[in-house]
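User: I have a model open and would like to see how its descriptive words are earned. Please take me through them, giving the cut-off behind each one.

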Amino acid sequence: MDVIVVGGGIVGASAALHLTAKGASTALVEDSRAGGATAAGQGVVFPWPLPGEDPALQALKRGAAAHLPGLLDLLADDGRATGHERVGGIRLDPEGDDTGYDLLRALAAEPGHEGMGRVERLAPGEPREHVPLLSEAHRGVYVEGIARVRGAVLRDALFQSAQERGLHHRRGEAHLLWDGGRVSGVRVGGEDLRAPTVVVAAGAWSGRLLEPAGTDLPVVPVRGQVTHFALPGTDTRSWPVLRWGGHGGHAVAFGPDRVVTGGTREPEAGFDHRVTARSTAENLSRALEDLPGLAGATVVGSRAGLRPATRDGLPLLGAHARIPGVVVATGLGGEGLSLGAYQGALAARLALGEPGPQDLSALRPDRPAPPRHAGPDAG
């Protein structure tokens with residue numbers, strides 16, 4: 001075996017596909033525990049960088065935006081349904097606030113942002129023409145290139161294409177194997193799998209996998225919960241993604257008649273992935289305030305997942321000086337569905353010793369970490 005990938009979400013599945021596409025003998029070890037972020041994600045795809053973000057994160061996002069079209073073409077050529085649909089998006093801003101339009105129009109004109117497409121100002125009442133659940137008072141900005149994705153469908157497409165290229169698959173909890181001072185593989189279900197490189201893409205659980213090595217990986221779980229609604233008799237397939245500029249919440253529609261809202265941020269939950277009454281009440285209250293037309297909708301259910309967040313807000317990607325033989329790829333927080341496939345592709349290159357297309361030193365998992373209470377997702 002050339003490389004072992006630990007983690008069955010989008011990052012791990014993408015790493016596995018890119019490795020097998022390069023002819024590397026690869027095994028994917030998937031822990032089937034509940035609470036993974038990929039299947040519980042809301043489904044927003046917006047990979048472009050924003051002003052004020054760390055330069056390393058901006059470079060990662062530009063790479064992700066450029067990488068995604070080719071990956072979708074590869075999966076389509078393999079005959080895979082990707083769950084990815086470019087339906088556009090609307091940012092809803094308070095009355096009299098044009099900052100959203102100015103920001104997005106300027107971004108779309110920058111190199112590397114061509115995929116954002118057309119940016120249009122929408123007058124009061126016009127957003128409701130796109131999504132009739134909104135009130136007449138809403139105004140906003142339409143961005144053509146925003147997409148939605150069913151995370152589990154995209155993950156399965158990546159995994160199946162990797163299997164078609166010879167991927168070996170194991171289920172169970174992985175434990176690192178050592179040969180002297182270097183990781184030499186993993187043990188799973190009583191079986192020892194050996195490889196010179198292990199990619200750790202286990203999301204919020206990545207730190208736990210590396211704890212026996214005496215490392216404190218700066219990744220923490222942040223529970224997020226979303227609510228699913230059904231609107232029988234209403235065709236939602238063409239509805240754009242919605243984002244509220246005031247509170248930053250999203251609503252995403254899927255066919256034939258579904259709407260997903262919410263996206264709580266609960267760092268205090270730890271590894272507790274339960275759907276809770278408090279978060280359900282918070283989501284329902286916000287949904288009815290933002291989308292009055294949901295009042296008569298059917299509440300289909302809620303999902304909760306543990307996002308892998310970091311204390312400084314930057315992803316973790318690269319080798320770890322204290323754990324030779326390991327490449328870490330996690331820490332995308334709430335942007336896993338936008339950036340995860342590209343992070344997996346970069347992890348595959350690093351695992352094979354290939355140079356990356358950008359300087360990744362600022363994302364190294366062994367960089368100095370701020371205190372546990374710091375960082376945008378850590379409380």
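User: Which residues does Leu363 touch, leaving out those up to four places away in sequence?

Analyst: Leu363 touches Ala56, Leu314, Pro315, Leu316 and Leu317. Contact here means heavy atoms within 4.5 Å. One thing to keep in mind: this is a predicted model, in which local features need pLDDT of at least 70 and side-chain atom pairs count only at pLDDT 80 or more, while totals for chains, interfaces and linings use all residues. Residues are numbered from 1 along each chain as its sequence is written, and side-chain values use heavy atoms, with hydrogens and water left out.

User: Where is Leu363, and why is Leu363 called buried?

Analyst: Leu363 sits in the segment after H9. Buried means under 20% relative accessible area, exposed over 50%, and partly exposed in between (1.4 Å probe, protein chains only). The relative accessible area of Leu363 is 1%, so it counts as buried. H9 is a helix: helices (H or I, at least four residues) and strands (E, at least two) are DSSP runs, numbered from the N terminus.

User: What makes His67 buried?

Analyst: Its relative accessible area is 19%, and therefore His67 counts as buried under the 20% limit. His67 belongs to helix H3 (residues 55–77). Not counting neighbours within four places in sequence, His67 is in contact with His18, Ala341, Tyr342 and Ala345.

User: How do you know that the side chains of His67 and His18 make a polar contact?

Analyst: A polar contact is a pair of N or O atoms within 3.5 Å; within protein, one must be able to donate a hydrogen and the other to accept it, and residues adjacent in sequence count only if both atoms are side-chain atoms. The pair between the His67 and His18 side chains is listed at 3.1 Å, so the distance falls inside that limit.

User: His18 is one of the buried residues of H1. What makes H1 largely enclosed?

Analyst: 11 of its 12 residues are buried, so the rest of the structure largely encloses H1. Among the buried residues are Ile10, Val11, Leu17 and Thr20. After the helix comes Gly23, with a positive phi near 85°.

User: How do you know that the span of H1 agrees with the expected value?

Analyst: The expected span is 1.5 Å times one less than the number of residues. For the 12 residues of H1 this gives 16 Å, and the end C-alpha atoms are 16 Å apart, so the two agree.

User: Why is something called a nonpolar core, and how many residues does the largest one have?

Analyst: The name goes to a set of buried Ala, Val, Leu, Ile, Met, Phe, Trp, Tyr and Cys residues joined through side-chain atoms within 4.5 Å. The largest has 45 residues, and Leu19, Leu60 and Leu317 are among those with the most contacts inside it. Elements giving two or more residues to this core include helix H1 (10–21), H3 and helix H9 (336–351). Apart from this core lies another, of 23 residues, with Ile4 and Val6 among them.

User: What makes E19 and E20 a pair?

Analyst: Two strands pair if DSSP finds at least two bridges between them. Strand E19 (residues 316–319) is joined to E20 by four bridges, so they pair, and they run antiparallel. One bridge links Gly318 with Val328 in E20. In their hairpin, which has six residues between the strands, Gly325 takes a positive phi near 95°.

User: Why are E9 and E19 called edge strands of their sheet?

Analyst: The open sheet has six strands in the order E9-E2-E1-E13-E20-E19, with mixed pairing. Strand E9 (168–171) and E19 each have a single partner strand, so one side of each has no neighbour in the sheet. Strand E2 (residues 26–30) pairs with E9 in the parallel sense over four bridges, with Leu28 matched to His169 in E9.

User: What kind of peptide bond joins Gly255 and Pro256?

Analyst: That bond is cis, with omega about 0°. Most peptide bonds are trans. Pro256 lies in the loop between strand E16 (250–254) and strand E17 (258–262). Both strands take part in an open sheet of eight, ordered E6-E7-E5-E15-E16-E17-E14-E18.
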